[in-house]
Amino acid sequence: MAVKNKVASKNKRSLANRDEPAEKPDVFPTAQGIDVPSEPEQSSDEDDDVEEGDFDEILKEMAEDQGFSSADEEIENENELDDDDSEGEDDNDGNDSEIHSSDIEGASSEEGEEADSEDIESDNDDISPLERTNSRLTDGQETAVDSDDASEAEAKDEDEEDEEEGEDEDEASKLANEGMEKLTIRDFGSDLSGWKEYRKTLPQIDAGYASDSSTEEPANTIGSVPIEWYEDYSHIGYDLDGKRIMRPATADELDKFLDNMDNPDVFRTARDEINQKDVKLSEEEIDIIRRIHGGDIPDANYNPYEDTVEWFTSQTMVTPLSGAMPSKRGFIPSKWEHKRIMKIVRAIRQGRITRSKPKSTKPKYYDVWEKAEQLGEKIKTLEGSARRPRLPAPRAALPAHEESYHPPPEYLPTEKEKEQWENQIQDSNYRKRSFLPQDFGSLRAVPGYDRFIQERFQRCLDLYLAPRMMKKTTNLNAEELIPRLPDPRDLRPFPSAEALMYVGHTGRVRSISVDPTGLWLLSGSDDGTVRMWELVTGRCSGMWDLKEVVYMVSWNPNPDMCMFAAAVGGRVVLVTPTGICDDQKQLVSEEFVRAGFTNTGNDDEDDGSLPVSWDMPTSAEQASGIRVSVAMHKTVKSVAWHRRGDYMASLTAEEGGSSVLIHQVGKHKSQRPFRKLKGAVQAIKFHPTRPWFLVTTQRYVRIYNLMQQMLIKTLQPGVKWISSVDVHPQGDNVIVGSYDKKLSWFDLDLSVKPYKSIRYHKQAIRQVQFSRRFPLFATVSDDGTIQVYHGMVYQDLNQNPLIVPLKILRGHEIRNSLGVLDCVFHPIQPWLLSSGADGTIRLWT
Amino acid sequence: MGKIKKKYTEGASRTYITRNRAIKRLQVSLADFRRLCILKGIYPVEPRSRKKANRGSTKPTTFYYSKDIQQLLNEPLIAKFREHKVFLRKLQHALGKDDLTRAKTLESNRPQYNLDHLVIERYPTFADALRDLDDALCMVFLFSTMPVVRRVNKDSIEECKRLAAEFMHYVIQSHSLRKVFLSIKGIYYQADIHGQSITWIVPYQFSQKLPRDVDFKVMATFLQFYRTLLGFVNYRLFTSSNFAYPPKIDQALEDNAAGLGSLKIESSRLEDLINSAKIIESGDESAAQASEISLDMKKQLNTLDKKIQSIVSTANGSSTAAPEYGSIDANEGDDAESDEETQIENLLFGKQVFFLSREVPRYSLEFVIRAFGGRVGWDRSSGGGSPYTENDNAITIQIADRPTQGHQFLDRKYVQPQWVYDCINARRMLSINDYLVGQALPPHLSPFVEYAEGDYVPKAAANLAAAAGFEGEVTNLDPEDRDKSESENEDAEDVEGESADEGTDSDVSEDEDTKAEKQYQQQLLAERSGMSFAEYQQQKQEDSKAKKSSANQKNKNTRKRTKAEIEEEERQKIAISMLSKKKRKIVNRTQAEAQKRAKDANALKARSSQITTANKSGKKAR
C-alpha cells in the first residue's frame, strides 16, 4: 500500500468528492438526498482516520433510518474490502513505520499521480476549499436529513462545530463513536488548557486489532501546514503527549545520489514531503498514474459501461404487482352499481329500453310504381294544379356539329373568332357557346374535357335555383300574323303616281289649297308669295307678293264665292282673285268681303278688348285683289273656314284664350270663343256637319259645341305632340297625326281613345287629310313620303271602318330634315296635291 | 258597405312566397331548405309582377309557389333532418366527453332516411321518371368515373358505378341504343326506352380534375336523389324484361377490371328457381315441414337440383360460346333461343365479331357494339374477361387507333373507332375504306341535328343521306349537272396515277359527292311538299319540260318580277305597320331570327366552298 501525504490525500479526497456525484449520476439519478450516505464519509475523512469509519457508520445508520438503503454503502464496503486486501499486500514496503494503511482507506482509487506534483505550499491553500466543501457537504446533508429526528439535528450541530474548530474534530468523532445520544457539546473556545484537562479525562484510545491504525503511530501531526514552516526546526509537530516528533534524518546529496544509483526502484520512488520520506509506488499506483496520464479512468476495476439497473422499470406491467392488501370495498357489492343496474332493469321491464330492431332485409329497390299503376291507388304527387301545372325543367340542348371531336372544317373557328372567344369572359352571355370547336383528328388524341364537372354543376344550379316560368313562344309563321289586307288594286281609284309638278316657289311651300271647283290651286310659301296655279296644266296664273312668310292659304269653301284667306305674318288677308271666275261670282264675293266696312259703326261692344283690327288694304294691294286685311298682334299660324264660308277661325302663336279667334267675315266682326285655353293650340278645325269646333293642343283634341258653348269630347290619342287633325266628311271619324310618327283614327261614337294607331312613317307626320269625295286619306311626313290609305266608313254602325294602307308616294326631297309639309285632296278627282320643303308642289293621280 | 278587405290576403301575394318567408314558415335552415328543394324538385318561379307578389317591395328575391311550400310543411324529411341534427349534437357531445361507447352506440343508431316516397311523388308514372332521366344519368355516369377523394363519398361512387353498369346492361339487352356522338366534352348516347328518348353524356375516362369552385354538397344532394331514382328505374327495367334485379357481380371478374362483363344478368325465373332450391335445402331446420313432405316431393326435389344444375351449366356454356352474359330464358326451349339469335343477327353488328386494341376506349365501344348485337373481345391490358383473344379466327373487325399496325391478320379488317359510331348513326354498315387505320377520317357529325328549311347541311351529312336510301334510284340529272360532273371527272383524271384503285375510288366518290348533294336537297324538297321522292322526281321532270318551253318568257319576266317583288315587300311593310305593337314585335323578331339563321347558314356555306376550292387548288398545285 502506498504511503502518501495526508494533506494531499485530503485534497484528493475533496476533489474526488466533488467529482463523485458526477461519476455516479446514473446510479442515483434522483436526488441529493440519496447522496447523503456517501458524504459524511468525506466530512469525517478530513481528520483522523481512526474515527472516520465509525462516523461513517453513524451517518449510514442515520441514512437508513431515513429509509435509504444506499448503494454507496455497498461501494464503500467494497472499498474497505479492497483496502484490506491491499493492506495485506503492502507489507513489502515496511521502510517507514508511519505508514498508515488507513490513510488510503476508501481513497485508493482516487489517489493519483498528482501526489507527486503537489507541493506543500499548495496544500496550505487547499485548506479553505476543503472547508468550503465541507460546509457545502454538510449543507447537503442538512437538506437530505432534514426531518423529525432530533438526533440528526444534533449531528448537524456537531458538524458545525467541526467547521468552527478543526482541532475538535478528533474528539467530536470520538464522541460520535460512543453514540449520538452521549454526544454533548462543550464549547472550549480558545481555552486550550481547559481542553487539555478535559482531554486527559478522556479514555485512551485503544485502536483494536480491526482498526486500520491499530499498529501505527500517527506520522504527521502538523496538519496541513506547509512543511517550510518547520524548516528551521529539528522536529515536525508534536505527539499526543506534547512531545516533539523529531524530523526524520535526511540523507545528504551524495547519499541520495548513491541511493539513486543503487536503488533499482528509484524511478518509482516519490518523496512524501509531509512525512518527510520517500515512497515507493506500487505497480497499481503506477498503473493508476499511467491511466490518469492517458486520460482514462484511474480505477482499473471501474467499469464505466455497467449494465443499467432499472431501479424504476420502464415497462408498464399489465397487472402491476402490488403488495397492497385487497381492499374490503372490493368484496362488497356496489350499491350504486346495483342502483344503476336496477334502473336499466326497470326500464327494460317497463319497455322503455327495447332491443334495436333487426336490420330490415327489405330490398333497397322495388317497384315503386306498381301500386300507382296497377292497383290504381291514389298517391300523393307534386302534380300542381290545373292552373299552375308543374313545369318540368327544360332539357339541356343537344350537341350540334361544332361540338364534334372531328367536325367538318367549316365549323372550326377562324383565328379571329378564336381570339374573340378567348377574350370573352367565361360563363358570360357574350360567349355564343361554352367551348371552342376543335378538330382532334382521331379519337386517341381527344383529351378529357376540363370543365365537365363545372357544367354539370351549373346544370344542377339551374335546376334548383333558376326561376321557371311558362313562356308561350309563338311558333307562328310571320306570314300568318301579317293581316290579309284587301288588294289595293281592288280599292282603286287612289293617287298612285306623280302627274305634275308645280315649280316656282323659292322657299318652303307651307300650305296649299284647292278651290271648290277643283280648277285652281293656291300655295303659300316662305318666300313671301302666294301663287295661284292652274291645277290641270301647272301654269302659274297669279302671284301675290306679301313680303312675309305665308303660313296658310285657304279657299273659301262656299262654291258661290271666289275668295281665299291667307295668313301672312301678323295678319290675315282676304283676297278675291280676278279672272278665274265669272263676273257674277266675283261681284258677290267682293260685296261680301267689303260689306263689313259699311257697318263698322254699329258694333263697338267689345272690339277694344280683342287684338284684332279689320283694315282696308293699301291701294296697291287692293289692285292685286286683296280686299280686307285683318291685323292681329301675333303671327297667325292657321286659318280655318266654316263650311258655309261666312265664318273664319284664326290661330295665332300665343298662349291663352285669345290665340283662337272666330271672325264673321260678312260683318267684319271677331270674337273670342275661349276665355282660357290650356296649353299651346296646334290646330283648329270646324266640324263638317255639326256646329262643332275642334281645338288641338299638344296632347289632346278638344271638341266644343259652339252653339251650346260646351266641351263635348276630349280625344286622347296618347301621343306626345299632335301636329294635325282632320275630320271625316261624314263627321263621325277623326284622324290625328303627330310629330311622334303616329297616326290615330278616332271613332267619335265609340271612344276617346284611338280605334287604330298606325305607325309607318320614319319621321314626324306634318299633315293628315281626308278626301271629301273618296274613301281616302293621306298623311305626309318629314321623311319625304306620302302615305295614302283607304279609309272606308260604313253607314252600318256595327261595322268598323276599314283602313287599308294603299300606297307610299315618294318624290319630295328632304331639305333641312323637312320633307312634305302639306297635302290636300282634289275636291272632285281622286287626286292628291302635296307641297314640300323643296319648294315644289306635286300632283299625284 | 262591406267589410274592408285586408291587404295581401289574396292574389299574387298569396300565390307566391319569398324564400325567406318560406324558410321562416318551415323553420328550417337555409341549407336544409335548399336540400329539400333539390330533393323535392321544388323550383323558384317568376311572378308576373314582382311588386305585387312581394307586397309592394321590389327587392331582388326568389319566389316560390305558396302551395309548394305548403306541401313541404308536411314533408317527413323535415323531421328526419331535425333528427339528424339532434343526432349530430349528441354525437358531438359524446365525443367531447370522450364517451366512446356512447358515441359508438349512437353511431350504430344513426338516423337513416330514404327518398323512396319522393320518387313516386315527383314521378307518378314510370314514363314520367323516364322522361326526366337525362340529368340523373349524366350525373350518375359522371360520378361513376370520379376519383375517390375526401370531397366525394366513396360509397356513392361505388353505387354510381353499379347503377351505371346496370343501366348500360339494360340498354345492351334491350338493344335500345339509337344515337351516339363523340363530342369534345364526352360521349353522348341516346337510347329509346319505352318510347322515351333518353340522352346522356359520359365523360372520357381520364382522371377528373376536381375544381375548387364547385360545391360538391349540392351535387351530392342531387346525386342522392338521382341514385334512388335510377335504382328504381333500373329495377323496373330489369324486371319488366324478365331479368333478376339486382344482377350479381362476379367478384373475380370485377377485380380483374372486366367492366361491364362483371355483372351477371340472369333471367328472373332462373333466379327464382335457384332461390327456391336454396330455401328448401336450407329448410332442414324446419323439420316439421320436412316431415310433411311426401316421398314424391322428395323425389321431385332431388331431380330439381339436377335440373337446376343442368340449366345453370347450359346457361354458362352458352354465355361462354356467345358472350351474351346469360340473357337466356331458361325454361323456354331452344326455339326461343334461336329466335333471339336470329333477332340479334338482324341487328347492325349482329354478324360481326370485334376486337378492340388496347388504345381504343373499351368502356364505350364494348357498350355500343354489344348494344347493336356485336360480339367483342379486347386486349388483356384493357381489362380481363375478354371472350376472344387477338388471334381468334372468329374476329372479323379489329378496331385500332394507331397510325400504323404492327402485325395484321389478313382475314379481318382494321378500322378506326369512329367507324362504329358513324355506322350506328347512319344505321347501316358504312364502307370501311374511309375509316382504315392511319387514314384521315371523314368528319364526325352530330346525329342530333335536325335540318330546318334553309339550314346549312354539311357535305358529309348530305353524302350520308344520299348513300343511305337513294343509291341508283336517281337516273336523270340536269344537263348542267352532267357537265359539272364531267369536268370534275377530268380534274380527277389529272390527279390519277398514284394508285389505280384509289384513283377510281376518289373519282366515284367525287362524282357521287355532287350527285348526293343534289339528291339530298331534292329529297328535302320532296319531304316538304309531302310526297315520296319518286313522285317528286316525276313531277319535277314534267315541270322542267314545261319550264323549258317558257324559259325565254321567264328571262324577260325576271326584271318585272323583281319590281313586283319590291312592291310586294313594300306592301308587306305596310301591312306590318298595321299590326299591333305586340304582334309587330313578334313578326320582327321571327324575321330577324330567320335572317340570322340564313346569315349563319350562308357563312358556313361560304366557308366550306372556300375550303374546298383551297383544297382543290392545293391538289392541282401538287
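**Close-up 1. Buried residues of helix 3 in chain B of this predicted model.** Helix 3 of chain B runs over residues 30–40. Its buried residues are B:Asp32, B:Phe33, B:Leu36, B:Cys37, B:Ile38, B:Leu39 and B:Lys40. As a reminder for reading the view, an α-helix has 3.6 residues a turn, so residues three or four places apart point the same way. Just after the helix comes B:Gly41, with a positive phi of about 75°.

**Close-up 2. Cysteines without a disulfide.** Over all chains, the structure holds zero disulfides. Have a look at A:Cys581: the closest cysteine sulfur to its own belongs to A:Cys562, 3.3 Å away. That is too far for a bond, because a disulfide here needs the two sulfur atoms within 2.5 Å. Another cysteine to find is A:Cys540, which is partly exposed, with a relative accessible area of 31%.

**Close-up 3. A negative surface patch on chain A.** Four residues to pick out here are A:Asp252, A:Asp255, A:Asp259 and A:Asp262, which form the patch. A:Asp255 sits in helix 11 of chain A, residues 253–262. With a relative accessible area of 37%, A:Asp255 is partly exposed.

**Close-up 4. A positive surface patch with residues from chains A and B.** Chain A brings A:Lys471, A:Lys741 and A:Arg759 to this patch, and chain B brings B:Lys581, B:Lys585 and B:Arg589. Helix 25 of chain B, residues 581–621, gives the largest share, three residues. B:Arg589 lies in this helix, and B:Arg589 is partly exposed at a relative accessible area of 48%.

How values were computed: Residues numbered from 1 in each chain as written. Chains lettered and ligands numbered in written order. Predicted model: local features only at pLDDT ≥ 70, side-chain atom pairs only at ≥ 80, totals over all residues. Heavy atoms only, no water. Buried < 20%, exposed > 50% of the residue type's maximum accessible area, 1.4 Å probe, protein only. Helix = DSSP H or I, 4+ residues; strand = E, 2+ residues; numbered from the N terminus. Patch = residues over 30% accessible without salt bridge, like charges linked within 9 Å, V, L, I, M, F, W, Y side chains within 5 Å. Areas by Shrake-Rupley, 256 points an atom, 1.4 Å probe, with all protein chains shown as cover. Salt bridge = Lys/Arg side-chain N within 4 Å of Asp/Glu carboxyl O. Lys, Arg positive; Asp, Glu negative; His and termini not counted. Charge placed at Lys NZ, Arg CZ, Asp CG, Glu CD.
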